Amino acid sequence: MSDPSASSASRDQSVANIVTRALIDSGILATTKYRSDFEVVSAWKRDIANDPNPLLRCGAKAYSQFDEDGILFEILRRLGLGTGRFLEIGVGDGTENNTLALLANGWRGHWVGAQPLAWNPSGHRLTFTQAFVTLDNLASLLPTDACDVCSLDIDGNDYWIGQALLARIQPRVFVVEYNAKLIPPIRFTLPYEPTMVWTGDDFFGASLMQWHDVFVRHGYRLVCCSYCGVNAFFVRDPGRAFDDVPSDPAAVFRPAMYAPFPVLVGHPTSVRTLAAFGRQEVSRWRPCVILLDPKAPRGGLERARPRARCVSVEHV
């Protein structure tokens, strides 16, 4: 004898599928999804507008997991670093990390990761070493060239590898994953385990305050945490460039909010695009600055006849 409850559930599912299909065909579901995305984005913008750290308002996602790309570009702008070299340890399959946007913007660098890449970095601006990073092999995995930006995210022994890196390199900007469940003033890191692999729980990495203490000893200052509480940004010799950023690390801290940021951005990533980043020579141009006649009539540029000149456009 068949189970009547199973038959009822099957009918309910069939009805749900028909209704969903009808909503999709009519465009109602797409409109609802758009409204939901719009509300999420609006809430995110309101949240960062009220945050004491102005760097959060520069957050944007190109190829980073969350808003790290925009934050990093603003930090580099304040430091006057238009191009340079990067080192990233823990890059996933190479389609989402903290330095892909730098590669796209003309930077050169080196990646180290335990898993194979989804594309072949055959160009001369990016090199890759596949290896599971430990304290024993770290030195052999580092490039000989100095780097301006270093990013570390290996979901486990990050703190111990980070300490070892700071003893060998002094990048201007250092990005590290922190365990945002461990709120300030908690200072904690898991014990070093050479074969440690993250299992999806809160046994990973180090608290923000633990990271803060070690970076301060090496002359760095915490300037931002990503909106969703994943990555922390430390700057060496910041000068006056970040005077508007709170000096209290507890005020810079962001709690864990591991959700898509804040919605999907743009079209899906193509590995062909990523491969092109590494192959091409990116020309960097100084901007064309339009100087308008201060005597131009008010009421909009469409009625003005400004005298304009363009500064020299110089290939650098």
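Of the 316 residues in this protein, 41% count as buried, where buried means under 20% relative accessible area, exposed means over 50%, and partly exposed lies in between, with a 1.4 Å probe and protein chains only. Please keep in mind that this is a predicted model, in which local features need pLDDT of at least 70, side-chain atom pairs count only at pLDDT 80 or more, and totals for chains, interfaces and linings use all residues. Residues are numbered from 1 along each chain as its sequence is written, and side-chain values use heavy atoms, with hydrogens and water left out.

On the surface side, the protein exposes about 17,200 Å², with carbon and sulfur atoms supplying 56% of that; these areas come from the Shrake-Rupley method with a 1.4 Å probe, and for residues only the protein chains shown count as cover. As for contacts, meaning heavy atoms within 4.5 Å, 64% of those with a separation of 6 or more are between residues 24 or more positions apart.

Now the secondary structure. We have nine helices and seven strands, taken as DSSP runs numbered from the N terminus: H or I of at least four residues for helices, E of at least two for strands. So how are the strands ordered in the open sheet? The order is β3-β2-β1-β4-β5-β7-β6, and the pairing is mixed; two strands pair if DSSP finds at least two bridges between them. At the edges stand β3 (126-130) and β6 (220-225), each with a single partner strand, so one side of each has no neighbour in the sheet. Neighbouring strands are turned by 15 degrees against each other on average, direction ignored. Axes here are lines fitted to C-alpha atoms, for helices over the stretch in contact, and angles run from 0 to 180 degrees between N-to-C directions.

Let's walk along part of that order. β4 (residues 149-152) and β5 (residues 173-177) run parallel and are joined by four bridges, with S151 opposite V175 in β5. Then β5 pairs with β7 in the antiparallel sense, over five bridges; V173 has V235 in β7 as its bridge partner. Strand β7 (residues 231-236) is mostly covered, with five of its six residues buried. β7 also runs antiparallel to β6, again through five bridges, and L222 is matched with F234 in β7. β6 and β7 form a hairpin with five residues between them, and in the turn G229 has a positive phi of about 75 degrees.

One helix to finish: α6 (residues 158-166) lies across β1 (85-89), β4, β5 and β6, and runs at about 160 degrees to β4.
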